[in-house]
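Good morning, and thank you for making time for this short presentation. I would ask you to look at the sequence and the structure together while I speak.

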There are 2 protein chains.
Amino acid sequence: MTVVSLQNISQSVCNECPVRKISLCDHVDNDTRTEMCRLLRTATFSRGQSIIMQGDTATTLGVVTSGVVKTVFMTEDGDTQVLGLLFPGDIVGRAFEAEMRFSYEAATDATLCTFNRRTFENLMSRSTSLEHGYLMTTLAQMDAMRSWTCLLRGRTARQRVAAYLLFRSATEDTADAYVETIGDRLVLNLRLSRVDLASLLDMTPETFCRCLHSLADQGAVHVCAPHLIEVLDDARLRDLAGPSLEGLVEDPQRAVG
Amino acid sequence: MTVVSLQNISQSVCNECPVRKISLCDHVDNDTRTEMCRLLRTATFSRGQSIIMQGDTATTLGVVTSGVVKTVFMTEDGDTQVLGLLFPGDIVGRAFEAEMRFSYEAATDATLCTFNRRTFENLMSRSTSLEHGYLMTTLAQMDAMRSWTCLLRGRTARQRVAAYLLFRSATEDTADAYVETIGDRLVLNLRLSRVDLASLLDMTPETFCRCLHSLADQGAVHVCAPHLIEVLDDARLRDLAGPSLEGLVEDPQRAVG
DNA sequence: GTGTAGAATTGTGCGCGATCAAAGCCTACC
DNA sequence: GGTAGGCTTTGATCGCGCACAATTCTACAC
């Protein structure tokens, strides 16, 4: 794990933590939190940087506090595919397993609250509330993965792009600011590159681009800038996204894949 | 939840349980297991029967003890897609959430060891080892889901079929007998219908059929009967399945999707 | 302003896989 | 034994989405 900036944090950091209420920490009792504050390190990663490498023996486990982290799988012939995204509050890494089957990379500039994996596991064995919090977060993450699967499968490329835009616009008001205001209009900030987004949605960047502009031609969205998308007609976009998005897009879930 | 056969079970059942060592029970301490034996009910489902319905408020949580269970998502326009499969030892249902976003259905005749969800949650809050077991199983299931995603994505239809056959032949020696012996040869029993398998692999039954016979034309497999597939040339099949199957197919993981 | 590298967009042909249609096959039930 | 209905297989056609390449746009340094 490459740590760019590393510093000790006083216990007060947890009190002003932006993701405390939406992460595993929400379940943790006071004694455990005090202990965690003593053990945690914050780490900053710049866009594109690797957090945990596929194949490595992971010694770290963390919680995203800002930015977007992508999970990336690299095939033996060097191709990479974006499996999913992690947002603030989601867990990076995996307890009780050292060897990583895929990588975690910063998809945007991101900050994490990290722990030594062994230390964290040890603390879990002593703190029921921490293990419970980890379980709850994991279950939520699994729900999100399953919803994501439903969202991708049986949809054409354009429907997937439309569905993703809806998903993003539905989570606009969570933790981080994914939406920018230009004048008085609400505009989505994709924040990820075309290459990453295309890989995430299982298509080529070219197809992604075509689909986006096809949605624009239909009057559903307006491409203000390559990464800034304004949703002009929510109903139209929902229509173009295909059936059964209700419940998949509108839930307060964060992680995908 | 439709329970076909329901009966009380004496404590001795756990001792001869076929999935005890590969399920959450493996982590549970003796006191908790005694309690669990008192609370559990076994249920039998015949192929095609619904175990938990999408949209229902689930009161049940269970462990697959034999057979294959499929997770199915139904779109609002009535289409269904198979999201994944659960094998013996996997968990059916979800603790701490009542409303089901998808259905669980018996893909073959199947038996489950079931609990009242509330009772199970209650027991977890009192038994650290049970919650730990649930966490470990959930993490393993999430790993499997991610592997499954890697297996499906970026592959052609024929590669997906080949990959699935490899996955099944690699798990041949787990819990249930997925393999039949015809004479002295080892033959895979698909056990699922073409329609289910095609849906699971995100293609039409027609395409699945074509791909299977294409693999046969290449000499990789032999279709003994619609549901009985003999793997003739493992290396050839691996070749036709595309890159990076190592680690995805060969792990002792059960659940997919 | 200018240069340059990287990202994003557009163009074109083609193969894969979906769709529709129909025939074979197996099983269950009468 | 016969028949009906399901599942499986095969055939023909068509459109989506991919590959590859060219072009335009953007960002950032100087």
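Let me begin with a single residue. In this predicted model, L228(A) belongs to strand β13 of chain A, which covers residues 228–231. Is L228(A) buried or exposed? L228(A) is buried, because its relative accessible area is 10%, and the threshold for that term is under 20%. One of its spatial relations crosses a stretch of the chain: V187(A) is 41 residues away from L228(A) in sequence, yet their C-alpha atoms are 6.2 Å apart.

I turn now to the nonpolar core. In soluble globular proteins, nonpolar side chains tend to be buried together. Here the largest nonpolar core has 42 residues. Which of its members touch the most other members? They are L24(A) and Y134(A), together with L24(B) and Y134(B). Taking Y134(B) in detail, and setting aside residues up to four places away in sequence, its contacts in chain A are L135(A) and L139(A). In chain B, Y134(B) touches L24(B), L61(B), I91(B), G93(B), R94(B), A95(B), F120(B) and M124(B).

Next, the relation between the two protein chains. Chain A is superposed on chain B by a rotation of 180° with 0.0 Å of shift along the axis, and the RMSD is 0.1 Å. This is therefore the relation of a two-fold axis. Within chain A, L135(A) has the C-alpha nearest that axis, at 2.8 Å. L135(A) is also among the residues that Y134(B) touches. Of the interface residues of chain A, 100% are also interface residues in chain B, so the copies meet through the same surface.

I come now to the DNA, starting with strand C. How many residues surround DNA strand C? There are 15, and the closest are R194(A), T156(B), A157(B), E206(B) and T207(B). Of the atoms of DNA strand C that come within 4 Å of the protein, sugar and phosphate account for 73%. At the backbone of the strand, a phosphate oxygen is 2.4 Å from a polar backbone atom of A157(B). At the bases, a nitrogen lies 3.1 Å from a side-chain N or O atom of E206(B), and an oxygen lies 3.3 Å from a side-chain N or O atom of R210(B). Helix α7, residues 205–217, supplies at least two residues of the nearby surface from chain A and likewise from chain B. The most comes from α7(A), with 4 residues. By class, this surface holds 4 nonpolar, 5 polar and 6 charged residues.

DNA strand D is also surrounded by 15 residues, the closest being T156(A), A157(A), E206(A), T207(A) and R194(B). For this strand, sugar and phosphate make up 71% of the atoms within 4 Å of the protein. A phosphate oxygen of DNA strand D is 2.4 Å from a side-chain N or O atom of T207(A). Two contacts reach base nitrogens: a polar side-chain atom of E206(A) lies 2.9 Å from one, and a side-chain N or O atom of R210(B) lies 3.1 Å from a base nitrogen. Which helices each supply at least two residues of the surface near DNA strand D? They are α7 of chain A, together with α6, residues 194–200, and α7 of chain B. Here α7(B) gives the most, with 4 residues. The surface near DNA strand D comprises 4 nonpolar, 5 polar and 6 charged residues.

Key: Residues are numbered from 1 along each chain as its sequence is written. Chains are lettered from A and ligands numbered from 1 in the order in which they are written. This is a predicted model: local features need pLDDT of at least 70, side-chain atom pairs count only at pLDDT 80 or more; totals for chains, interfaces and linings use all residues. Side-chain values use heavy atoms; hydrogens and water are left out. A nonpolar core is a set of buried Ala, Val, Leu, Ile, Met, Phe, Trp, Tyr and Cys residues joined through side-chain atoms within 4.5 Å. Buried means under 20% relative accessible area, exposed over 50%, partly exposed in between (1.4 Å probe, protein chains only). Contact means heavy atoms within 4.5 Å. A residue is near a molecule or strand if one of its heavy atoms lies within 4 Å of it. A polar contact is a pair of N or O atoms within 3.5 Å; within protein, one must be able to donate a hydrogen and the other to accept it, and residues adjacent in sequence count only if both atoms are side-chain atoms. Ala, Val, Leu, Ile, Met, Phe, Trp, Tyr, Cys and Pro count as nonpolar, Asp, Glu, Lys and Arg as charged, and the others, Gly among them, as polar. Copies are superposed by least squares on the C-alpha atoms of residues with pLDDT of at least 70 in both.
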